[in-house]
Amino acid sequence: MESCKLFLTHHAPLGAWASLTFGAYGMGVSVDLQEPNVEETGALLVGEAVPGQIHTLGFVRQPESSLAAEGDEEKKKQYKNPLEAFGLFGPHQIRRRMSPSRDGFQAGRVELTVHTPCGELPDGDQVDIPALLCVPGLLLEVTVDNRDRNVPCTAFFGMMHRDMKQIYAMDQGNGLRTVGYRDQWMFAGRESDGVYLVRGLDAVQSLEQGKRLVHQNGPAFLCLSVEAGRKKTMYLAWSVYAQAGSNGATATSYYYNRYFSSARQAADYILGHREELLLASRKSEEEIGGKYPDPGRFLLFCQAVRAYYACCQLLRDEGGAVRYNICEGAYLWRNTMDLCADHLVWELARNPWVVRNIMDQFIEEYSYTDRVRFPGREGLYEGGISFAHDMGCYFTYSRRGQSAYERSNDSRNGFYFHMTTEELLNGIYCMAGYALKTGDAAWLKRRRDVLEALMTSLENRDDCVPERRNGILKAVSEKSGACGLESTTYDALDHSLLEASGNLYVFVKTWCALLLLSRCFRLCKEDALYERAEKMRNRCRQSIGAFRREGSPILKANAYREEIRGAVIAAVEALAVPHMLHAIPPSGEEEMLDALREHGRACLQEGVCLDAVSGGLRLSSTSKNTWPSKSVLAVYVLEEVLHVEVPRRAVEEIIGWAQDSAKTTTIADQIMSDTREVVGAVYYPRIVTSALWTVMRH
């Protein structure tokens, strides 16, 4: 592992919707619990001290006065330059190494490692998930190398909280030494491991002199004495606790409440099982680490998988059923369906049952049937089944059959349009993805009526008259309202990708969805349904001509809207999941793949879908707003499926976008392609699509 930059990073236990967030020089630490918003909790200080000398690996907003209380003269005196005496290492003195399960920082004699194992979960719908895999906290190591000294030193790990009287430092009993906040979170070490507490406004002097003094004000530290000529490690736990995980239509509690009733219990468990956690961390690293030779692409995944788990909840409802939820970063939507389809590239590699769990929730509680209109035609016609955009927002599950995002609209100016057509396709991706990855034909057969309903819904959205069908989805749900518009997942990007009806991206995704459905019907031995899927897929293939432009290999962004002129390289990304599931390339589809290949090559030109300033990849030629998660999918398809060479600079920009955005937001998925400015989608889980460059590649 090469040394990487100092950017803000989530460190998250699985299923707790929590993160210990730090890593950027010039920024402090944010302790995040059920809040998708990084706000500075204080300064994180890790170091070693001897009389008259202290060296600190610090994650600090400003060394001067940012943590001092304004307007209070007494506090100004006490807190004046509160970090000046800590001897902070500069950014060029800090070396950082990151893997999928370890984030390590080293400077001078001090090293800090945070372990975030990302191992497989047993099927939570069938068996109990062990406490070790869902404990709401992390194991940390602080190592100090005192072998070149002939005097003992003090290793320390602690925090200068933004309001220092709000935290505590105390012996919790059973030899557990802790620094924490209420019963929401704590850092802890064991007396039996030599860990002791230091706290007070004069903490620097106590650290230098090795004193064990606690006064409930000022910065608080967990400490370890390191003898002269020794190198020692202090093992610490960070843990969180919450009871409820949601309200609204479905009330849940965190799965970990089966084992733990406080942050203290979780911390005690982490310290008592440190060897197992260290082994799990190493195992995650060995399974994923080093599988891709490009260190930049690998680092992007290491960064992204942490954001994914920072948005994750592992829950149980009042009936005891397991519910898996991914919060859509700072946008807050619960289990956003269009993200679920992209998360497949990681979930099918790690925990395929999670996909089934989410789809069971969507089928039972967040599916609906509708009627549709056709552009330029009067009347309402039968539509069919589809799925809500999401299951709710933030802490609340929506009413059954309704998303928190979508609404009926009178005008095309705005957001929050229905995504009925695309969510239908995404539901097919998720159902087929799980079944084809696992071979679970029994589950598919139990959902046979749903599979047929999906096929019927696709046909109906092509045309109400079978003889007119051409494989291009063009119907608009009556739920959309007077605006007559359904949007796509790219609704925040530009006009060339906004409208679902006749859209090139939706067309390619329809073709892919039919490939996946055909495989499912074969798996279930449903010959009649298989023939229907193949018939519609053949119509799709024959309709590629509707998207051709005279004299140009670039396909139209919309078959029915000549005024939409953008070149949309995003259209190819729909092939990623089917290729991962070995459904592409199918035989007899050369015309479709050749058209997409030539389209991709033509889009990869400067001033088209390569930004003229940065060389970064634009998903549409008419929008500088571009998304790393979808860019990863597009690059994967271009390289691995269509065998089109992507300029190295374009890939380097994707990695650069993620690292630049992480300076203040951990990771973001809406970036301006020319300036790397963040314009939305912060703390975003979808960039876990970069698993295509690691685990799913092999």
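**Close-up views of the predicted model**

**View 1. C393 stands opposite T396 of strand β23.** The model is predicted: local features require a pLDDT of at least 70 and side-chain atom pairs a pLDDT of 80 or more, whereas totals for chains, interfaces and linings use all residues. Residues are numbered from 1 along each chain as its sequence is written, and side-chain values use heavy atoms, with hydrogens and water left out. Strand β22 is joined to β23 (residues 396–397) by two bridges, and the strands run antiparallel. Helices (H or I, at least four residues) and strands (E, at least two) are DSSP runs, numbered from the N terminus; two strands pair if DSSP finds at least two bridges between them. The surrounding open sheet has six strands in the order β19-β18-β17-β16-β23-β22, and its pairing is mixed. Its edge strands, β19 (322–326) and β22 (392–393), each pair on one side only. Helix α8 (residues 352–365) lies across β18 (312–317), β19 and β23, and runs at about 95° to β19. Angles run from 0 to 180 degrees between N-to-C directions, and axes are lines fitted to C-alpha atoms, for helices over the stretch in contact.

**View 2. An open sheet of eight strands is paired in the antiparallel sense.** The strand order is β5-β6-β7-β8-β15-β12-β11-β10. At its edges, β5 (95–98) and β10 (168–171) each pair on one side only. Direction ignored, neighbouring strands are turned by 20° against each other on average. Within this sheet, antiparallel strands β6 (residues 102–107) and β7 (residues 110–115) are joined by six bridges, with G104 placed opposite T113 in β7. Helix α4 (residues 263–272) packs on the sheet and touches β8 (137–145), β11 (176–181), β12 (185–190) and β15 (231–240); the direction of α4 makes about 145° with that of β15. A further helix, α5 (residues 274–288), lies across β6, β7, β8 and β15 and runs at about 90° to β8. Contact, here and below, denotes heavy atoms within 4.5 Å.

**View 3. Strands β5 and β6 form a hairpin.** Three residues lie between the two strands, which pair in the antiparallel sense over four bridges. R96 is set opposite F105 in β6. Side chains alternate along β5: those of R96 and M98 point to one face and are buried, whereas those of R95 and R97 point to the other and are not. Buried means under 20% relative accessible area, exposed over 50%, and partly exposed in between (1.4 Å probe, protein chains only).

**View 4. Helices α7 and α9 pack against each other.** The axes of α7 (residues 337–350) and α9 (residues 420–438) are 8 Å apart and form an angle of about 20°. The two helices therefore count as roughly parallel, a class for angles under 35 degrees; over 145 is roughly antiparallel, 65 to 115 roughly perpendicular, and the rest oblique. The crossing of α7 past α9 is left-handed, that is, the near helix is turned anticlockwise from the far one by less than a right angle; a clockwise turn would be right-handed. From α7, residues M337, D338, C340, A341, L344 and L348 meet E422, E423, N426, G427, Y429, C430, G433, Y434 and K437 of α9.

**View 5. Helix α16 comprises residues 590–603.** Its 14 residues reach 20 Å from first C-alpha to last, close to the 20 Å expected at 1.5 Å a residue; the expected span is 1.5 Å times one less than the number of residues. M592, L593, A595, L596, R597, H599, G600, A602 and C603 are the buried residues of α16. They pack against α13 (504–523), α14 (527–542) and α17 (628–641).

**View 6. N460 is a residue of helix α11 (residues 448–462).** N460 counts as buried because its relative accessibility is 10%. With neighbours within four places in sequence left aside, the contacts of N460 are F374, E382, G383, R469 and A475.

**View 7. Q34 and A681 have a positive phi.** Most residues other than glycine have a negative phi. Q34, which is not a glycine, has a phi of about 55° and is placed in the loop between β2 (30–33) and β3 (42–50). With a relative accessibility of 15%, Q34 counts as buried. A681, likewise not a glycine, has a phi of about 55° but lies in strand β27 (residues 678–682). A681 counts as buried at 5% relative accessibility.
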